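This briefing goes through selected features of a single model, grouped by topic. Please keep the sequence and the coordinates at hand while reading.

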Amino acid sequence: MEQYNITGMSCAACSARVEKAVNAVDGVTSCSVNLLTNSMTVSGTASEAEIIAAVTKAGYGAAKKGSKRENTSDDAFADRETPALKRRLISSLIFLIVLMYVSMGHMMWRWPLPSFFNGNPIGVGILQLLLTIAVMIINGRFFTSGFKALVNRAPNMDSLVALGSGAAFVYSTYALFMMTSAKPLGEVSALVLSLHKSHEDMLFAYMHDNFYFESAAMILALITVGKMLEAHSKGKTTNAIKSLMNLAPKTAIVIKEGKEIEIPASDVKKGDVFIVKSGMAIPADGVIIDGFCAVDESALTGESIPVDKTTGDNVSAATITQSGFVKCEATKVGEDTALSEIIRMVSDAAATKAPIAKIADKVSGIFVPVVIGIAVVTAIVWLILGETTSFALARAISVLVISCPCALGLATPVAIMVGNGVGAKNGILFKNATSLEQAGKTEIVALDKTGTITNGEPVVTDIIPTNDFTENELIQLAYSLEAKSEHPLAKAIVKKASDDGIALLETTEFQSVAGNGLSAVINGKIISGGNSRFITEKCNISTEIKSVAATLAKSGKTPLYFSVDGSLAGIIAVADSIKEDSANAIKQLQNMGIKVVMLTGDNELTAKAVQAETGVDEIYAGILPSGKEKIIRELKSHGNVAMVGDGINDAPALTSADTGIAIGRGTDVAIDAADIVLMRSSLSDVPAALRLSRTTLKNIHENLFWAFIYNTIGIPLAAGVFIPLFGWELNPMFGAAAMSLSSFCVVSNALRLNLFNIYNSNKDKKAKNKERKTMEKTMKIEGMMCGHCSGRVKSVLEAIDGVTEAIVSHEENCATIKLSKEVSDDILKKAVEDQGYKVIG
């Protein structure tokens with residue numbers, strides 16, 4: 001996937017034209033043009049030269065984006081458009097104010113002019129002509145871009161503005177040069193004579209009815225106002241990204257030859273040792289080699305509570321030390337840091353296009369030619385109805401200048417950009433626009449248990465000694481025995497003892513029995529520890545202790561038994577503790593109308609204990625890593641599925657789900673497979689992400705509604721459809737004002753997303769879940785001889801889009817195929833027969 005910067009685009013018609021041109025290039029598999037960021041994303045084998053040539057031929061400019069650093073620099077998101085438009089607007093207003101004074105103030109209300117113009121209406125007309133030309137030169141970009149697009153047979157918004165303003169100017173100029181002839185004066189002579197008005201009055205009356213110089217200039221100025229407001233608002237959509245960039249420190253203190261040296265943070269290299277004092281920002285990703293500190297990681301995770309860090313812990317660039325002093329070794333610098341990766345992910349997502357934008361793209365592609373056609377028809381119809389040329393022209397100009405394809409083109413990308421920014425500020429990263437849209441449609445959430453619902457690290461929950469031992473004595477013996485083991489459950493006991501400051505006893509004759517337990521000699525006594533089967537061989541376990549152990553197991557805990565010289569010393573229960581916010585997060589998902597299921601490799605007893613504590617709707621226990629993906633495919637037949645996981649074994653399921661969510665800095669494989677990445681390990685971020693997606697989708701619908709309804713009402717109003725009914729007549733200047741404000745309204749509505757609290761569940765509404773239609777086909781197959789044949793047929797069938805599951809039996813020579821949508825028999829048949837088997841029915 002390659003990204004390009006596109007120049008010369010002014011509206012949705014432009015982006016549609018560029019997209020169409022590049023998609024026509026051989027080797028291009030997909031092309032997405034983003035009007036908001038003036039960027040293009042292209043996939044395929046076509047060369048850079050071919051792609052740029054296609055864009056250039058379409059009438060626009062293209063340049064391939066440079067290094068990754070280009071996407072993560074302040075310069076990439078700098079607002080250069082607003083200042084330029086502001087200068088253009090101020091220059092236009094200087095001439096426009098004078099023009100309005102002459103055309104409206106003097107001609108209508110006889111406001112004074114210099115003596116040179118007294119009794120000289122033609123001089124007044126020439127002055128208006130010159131002032132209008134000045135405004136047109138200042139805003140010449142509308143004409144160069146608009147007429148260039150017309151020549152290339154790809155008219156855009158600038159074409160509408162240029163035609164509208166140009167038509168008003170040309171007609172007014174024609175009227176000016178006709179002022180001295182008798183023919184135009186004859187049109188008003190009867191009125192003048194009846195009112196006994198002077199020749200000068202007659203000329204002014206003629207000018208009032210036939211001059212549109214002020215409209216030609218005002219249209220350009222008002223459109224520029226709208227463009228400036230739009231550019232300013234568009235600049236605000238990237239505020240979240242720019243605020244992240246501003247967090248990156250400018251300097252770093254590194255240790256060189258035993259001395260502390262302050263250098264620019266961009267000069268820090270991998271392997272450099274740097275120090276961070278209290279209150280300083282960390283300049284690069286690294287690992288602490290000495291010291292202790294509390295770090296504010298809110299810039300990356302959205303979590304405001306500082307995290308304690310000590311030797312061996314990782315730190316990230318742009319996070320801030322609240323207290324303490326650390327010495328760190330840089331592991332990732334510059335564009336490879338976590339911060340740069342976040343910025344790049346958000347900006348890349350903004351360059352993609354959501355599926356919902358397709359309808360707007362289709363309309364935008366034909367919008368401008370249709371509007372030009374409507375304007376021409378409008379003028380012809382009014383002339384046929386007997387109206388004057390001036391009246392017909394005013395209606396046609398109004399149609400041209402009120403029509404706005406920009407609002408359609410911006411409706412989706414501005415909401416996507418702001419939504420992505422809001423997510424990034426809270427540690428929620430959407431990889432593309434499709435994932436931001438799709439997440440809001442989720443009906444089923446599948447949660448991996450370990451590391452998602454639970455903390456992923458077993459902890460000691462219960463210490464139950466027998467009568468001959470105290471809790472401290474039992475934990476000390478267990479600690480000394482388990483200290484040499486690498487088992488996760490052993491680590492839980494070691495951590496508990498270390499935290500409590502319990503001393504480690506010396507052990508000899510250490511032995512480990514895989515899958516059962518450990519034994520060693522401590523202070524001359526044989527100490528054993530392990531499961532019930534292992535300890536039963538060492539000592540007797542009373543009925544009372546067995547009952548306690550059974551109760552612990554039912555609650556999802558793992559009881560470990562310990563004995564001393566053949567006598568039971570007690571039980572220590574270990575469990576993977578459930579995260580504090582898991583139950584509340586699951587409740588929030590259910591309140592949103594989402595079914596929550598849990599996938600785990602643990603036994604059903606443990607799974608049910610977690611279900612009782614968290615309230616998940618359904619559990620799948622004893623699932624092997626390879627089985628998760630199969631369950632996801634089954635769940636997809638009942639609705640849109642989001643899979644939440646953090647490990648390598650979750651990657652296939654994350655890929656198979658409609659939306660894959662990697663939680664809490666999971667493995668690189670899980671992150672690559674996921675559509676959404678949650679920087680924190682908090683399950684509360686899952687409903688927050690879905691809530692943000694739903695709200696963004698709602699905002700897009702609002703924007704599209706406004707864009708369509710504006711044009712649906714505005715164009716007939718401008719054409720004069722309502723004049724016979726209600727007498728509503730639209731001046732071209734008011735049409736231009738409406739056009740300039742339409743895009744501004746769309747962008748402003750998208751900016752409201754910045755005020756949305758993604759963690760507030762008070763306004764959650766249950767989604768209307770629609771059960772997916774499932775179909776089933778049975779195929780009779782000849783030639784399958786063994787399980788390998790069945791597996792081969794199964795894999796090719798399940799690779800077909802729309803096939804959720806294929807159950808194949810070589811013994812019965814058939815395959816039962818479950819479908820989520822219609823798939824033709826020919827496609828199914830061809831897939832099987834390509835593998836060398838024969839489909840007989």
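The buried residues of helix α2 pack against five elements: β1 (2-7), α1 (12-23), β2 (28-34), β3 (39-44) and β4 (61-64). The model is predicted, and its local features are reported where pLDDT is at least 70. The points below start with α2 and then turn to another helix, a buried strand, side-chain pairs, cysteines and backbone angles.

**Helix α2**

- Helix α2 spans residues 48-57, and its buried residues are I51, A54 and V55. These three cover an arc of only 95 degrees around the axis, which puts them on the same side of α2.
- The other side of α2 carries A49 and K57, which are exposed.
- G59 follows α2 and has a positive phi, near 105 degrees.

**Helix α32**

- In helix α32, which covers residues 825-833, L828, A831 and V832 are buried. Seen down the helix axis, the buried residues of α32 fall within an arc of 95 degrees, so they line one face.
- D826 and K830 are exposed, on the other side of α32.
- The packing partners of the buried residues of α32 are β25 (775-782), α31 (787-798), β26 (803-809), β27 (814-819) and β28 (838-839).

**Strand β22 and its neighbours**

- Strand β22 (residues 641-645) is largely enclosed by the rest of the structure, because five of its five residues are buried.
- Cover is found on both faces of β22: V641, M643 and G645 are buried on one side, and A642 and V644 are buried on the other.
- Strand β13 (residues 444-448) pairs with β22 in the parallel sense, over four bridges. In this pairing A446 of β13 stands opposite M643 of β22.
- Strand β23 (residues 659-663) also runs parallel to β22, and four bridges join the two. Here G645 of β22 stands opposite A662 of β23.

**Helix α5: T132**

- T132 is found in helix α5, which covers residues 121-138. T132 is buried, with a relative accessible area of 0%.
- Leaving out residues up to four places away in sequence, T132 touches L99, F169, F213, A216 and A217.

**Aromatic rings and charges**

- The structure holds six aromatic pairs. F722, F726 and W728 are linked into a cluster by ring pairs.
- The charged end of R88 sits over the ring of F142, at 5.0 Å from the ring centre.
- R395 has its charged end over the ring of F391, 4.7 Å from the centre of that ring.

**Cysteines**

- There are zero disulfides in the structure.
- Which cysteine sulfur is closest to that of C328? The closest one belongs to C293, and the distance of 6.8 Å is too far for a bond. A pair of cysteine sulfur atoms counts as a disulfide within 2.5 Å.
- C328 is buried, with a relative accessible area of 0%. C539 also counts as buried, at 5% relative accessibility.

**Positive phi outside glycine**

- Most residues other than glycine have a negative phi.
- D565 is not a glycine, yet its phi is positive, about 50 degrees. D565 lies in the loop between β18 (558-564) and β19 (567-578). With a relative accessible area of 46%, D565 is partly exposed.
- N813 is not a glycine either, and its phi is positive at about 55 degrees. The loop between β26 and β27 holds N813, and both of these strands are packing partners of the buried residues of α32. N813 is partly exposed, with a relative accessible area of 31%.

Technical notes:
Residues are numbered from 1 along each chain as its sequence is written. This is a predicted model: local features need pLDDT of at least 70, side-chain atom pairs count only at pLDDT 80 or more; totals for chains, interfaces and linings use all residues. Side-chain values use heavy atoms; hydrogens and water are left out. Buried means under 20% relative accessible area, exposed over 50%, partly exposed in between (1.4 Å probe, protein chains only). The arc is that of the directions from the helix axis to the C-beta atoms. Contact means heavy atoms within 4.5 Å. Rings of Phe, Tyr and Trp (its six-membered ring) pair if their centres lie within 6.5 Å; planes under 30 degrees apart count as stacked, over 60 as edge-to-face and the rest as tilted. A charge sits over a ring if NZ of Lys or CZ of Arg is within 6 Å of the ring centre and within 35 degrees of the ring normal. Two strands pair if DSSP finds at least two bridges between them.
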